[in-house]
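Reader: Before I rely on any of the labels attached to a structure, I would like to hear how each one was reached. Could you take me through the reasoning step by step?

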Amino acid sequence: MAAAADGLGSITLDTSQLNMAVTDPAAWATAMNNLGMVPVGLAGQQLVTDSICVRGFDPNLSMMSGITPLNPMLPGMGLVPQPPTAEVPVIKEIIHCKSCTLFPPNPNLPPPSTRDRPPGCKTVFVGGLPENATEEIIQEVFEQCGDITAIRKSKKNFCHIRFAEEFMVDKAIYLSGYRMRLGSSTDKKDSGRLHVDFAQARDDFYEWECKQRMLAREERHRRKMEEDRMRPPSPPAIMHYSEHEATLLAEKLKDDSKFPEATTVLLTWIERGEVNRRTANQFYSMVQLANSHVRRLMNEKATHEQEMEQAKETFKTALMGILTQFEQIVAVFNASTRQKAWDHFSKAQRKNIDIWRKHSEELRNAHSEQLMGIRREEEMEMSDDDSTGNPSNKRPRVDESALAAQAYALKEENDSLRWQLDAYRNEVELLKQEKGQLFRTEESLTKDQQLQFLRQTLQGMQQQLLKIQEELNNKKLELEQAREEHTHTQAMLKILQEQLKKNTKELAETNGHNEPQVNEINVMTVPLVNQDREKNSEKRSQPLKSEKEALLIGIISTFLHVHPFGANIEYLWSYMQQLDSRISANEIEMLLMRLPRMFKQEFTGVGATLEKRWKFCAFEGIKTT
């Protein structure tokens, strides 16, 4: 709808050719009331100009009487329409058909609204149809917009029309807002205001998707063809090695024109690993043939250098001629700038002469510097070549290049022979190494086993050292605790001794009169000693430090419970050593001493048979509590 409006907005009509002013409200009301009027010249009227829609529109409908057909080639009627201005409204005219008449909407009203156009839309929704409108009448009105493929009419005064092409929908949208009247009847059932809008149909969307996929396939094919065209051609396949192919390749290596192609084949065979003891002589002959081209290449280089020297000489002579001409031009400008001639030139001429003189001087200086640079290079080359200092002893440059080529060829042959000798030496060394490896494998295996065994022993010793360090730390802590207990008991003994001394002095003074008090003092000292013992026993009975100690206590308690008469520490240690070889008797004794409520020590025997035995007393403690 917007496209149609844009196109129609650019159409300018000559109002002098109209018999009836369409924009006049009075004339508009008269045309709407006189429904039966038949204008003159209704042979064919075009709904939308060809500049708006695509080619192929059938202009069967004509415009109102008095409006001449518009020529798109007239001034102001370009094929590409200009955007409509806000002041000029879109003008629509009355359209006459065989069985109905279409009256345009009021130009002062806003244009009818439409929904967003779906992709690939070929179907339109037509609402506001007269109740008596048939499919034939609808087809008669809308077939002038284009070929109709299907009409689906509803009983509720609307229908869907599907066109053959997408541009035909724009022509149908142009009829939105028109009032449709069947025949000359004024009945409400024979009139209605048309509302044409875009419709979303599955068939249209499917066809649009198919078209898009086809375009995508064509684009991919086009890109692939372009890539194939731009891709460099693949090199020709190289044949596999055989004696016949080797002889053919040797012939090609002798030919100067086929030498580059033959060298690529030879290089590929060598990289593939075709060289072995059986084919070494053939490959050596082919390499020798490749080396024979060195002298030819050096001769070609010498000829090219001679040509380059000749070209340098010609360039130098031409440059000197150009430089002399520049000198002449500068002399002309300098002569014209003298006062005799300078005063006769105008100001503009003097300015131009001065500019030309400066430009020619710059060019003259640049060419002179270039020529001086060439001369310096020649002097440096002459100083390098003139090693003896006698110009009479110089030989022609061509002879020197030939001698250099011969020397280079001899050097290359010497190098190739030396490389061949090195290759033979390497083969001999490889054979020696293969024989020596058979004897070295056994020695290397024994050495590897010894290294692995030493690594394992080192790891075991490291683990043992870590465990011994842990045991040392534990024993240091136990020693510190024992020292603290010893110092505490000594301090308590000193205090008790002082108290006893004081008590004895007081007893001596009183001479036995206060015996009850002495008994009270003794009674007081005994609980203090008992309290100290209890404290020491509590200090000794510390909580277990690790899971290992708990396991040891469990095993020892079960062992002593089985032996009701007790067991000495050596017997216990011999039994525990079967379970843990690293445990010591001192460690077991310290553990038992830390738990006096579970284990107690008793002396059994008389004289020489006296021994210390440990018993399990945890159940007795439970009974007493």
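**From values to labels**

Author: β3 and β8 form an antiparallel pair that is joined over 4 bridges. The model is a predicted one, and the values below are computed from it.

Reader: What makes β3 and β8 a pair of strands?

Author: Two strands count as paired when at least two bridges are found between them, and β3 and β8 have 4 bridges, so the criterion is met. In one of these bridges, G127 is matched with H195 in β8.

Reader: How do you know that β3 and β5 pair as well?

Author: Strand β3, residues 123-127, is linked to β5 over 5 bridges in the antiparallel sense, and since at least two are needed, the two strands are called paired. Among the bridge partners, V126 is matched with C159 in β5, and F125 is matched with H160 in β5.

Reader: What is the order of the strands in the sheet, and why are β4 and β8 placed at the edges?

Author: The sheet is open and consists of 4 strands in the order β4-β5-β3-β8, with antiparallel pairing. β4 and β8 (195-198) each have a single partner strand, so that one side of each is left without a neighbour in the sheet, and this is why they stand at the edges. From one strand to the next, the twist averages 20 degrees.

Reader: Which helix lies across this sheet, and how is it oriented?

Author: Helix α3, residues 135-142, lies across β3, β4, β5 and β8, and it runs at about 140 degrees to β4.

Reader: Why is β3 described as mostly covered?

Author: Of the 5 residues of β3, 4 are buried, where buried stands for a relative accessible area under 20%. For the protein as a whole, buried residues make up 25% of the 625 residues.

Reader: Is G177 buried or exposed, and how do you know?

Author: G177 has a relative accessibility of 10%, and because buried means under 20%, the residue is called buried. G177 is found in the loop between α4 (167-173) and β6 (179-182). Leaving aside its neighbours within four places in sequence, G177 is in contact with F103, P105, P112, R193 and L194. G177 and G128 are 49 residues apart in sequence, and their C-alpha atoms are 9.4 Å apart in space.

Reader: What makes N157 partly exposed, and where does it lie?

Author: The relative accessibility of N157 is 24%, and because the partly exposed class covers what is neither under 20% nor over 50%, N157 belongs to that class. N157 lies in the loop between β4 (148-153) and β5 (158-163). Although N157 is not a glycine, its phi is positive, at about 65 degrees.

Reader: Why is V287 counted as part of a nonpolar patch?

Author: V287 has a relative accessible area of 41%, which makes it partly exposed, and because residues of a patch need over 30%, V287 passes that cut-off. Together with I270 and V275, V287 forms a nonpolar patch on the surface, with about 220 Å² of accessible area in total. V287 has its place in helix α8, residues 280-336.

Reader: How many helices and strands does the protein have, and what is its accessible surface?

Author: The protein has 16 helices and 10 strands. Its accessible surface comes to about 44500 Å², and carbon and sulfur atoms account for 56% of that.

Key: Residues are numbered from 1 along each chain as its sequence is written. This is a predicted model: local features need pLDDT of at least 70, side-chain atom pairs count only at pLDDT 80 or more; totals for chains, interfaces and linings use all residues. Side-chain values use heavy atoms; hydrogens and water are left out. Helices (H or I, at least four residues) and strands (E, at least two) are DSSP runs, numbered from the N terminus. Buried means under 20% relative accessible area, exposed over 50%, partly exposed in between (1.4 Å probe, protein chains only). Axes are lines fitted to C-alpha atoms, for helices over the stretch in contact, and angles run from 0 to 180 degrees between N-to-C directions. Contact means heavy atoms within 4.5 Å. Patches are made of residues with over 30% relative accessible area and no salt bridge: like charges are joined within 9 Å, nonpolar side chains (Val, Leu, Ile, Met, Phe, Trp, Tyr) within 5 Å. Accessible areas come from the Shrake-Rupley method with a 1.4 Å probe; for residues, only the protein chains shown count as cover. A salt bridge is a side-chain nitrogen of Lys or Arg within 4 Å of a carboxyl oxygen of Asp or Glu.
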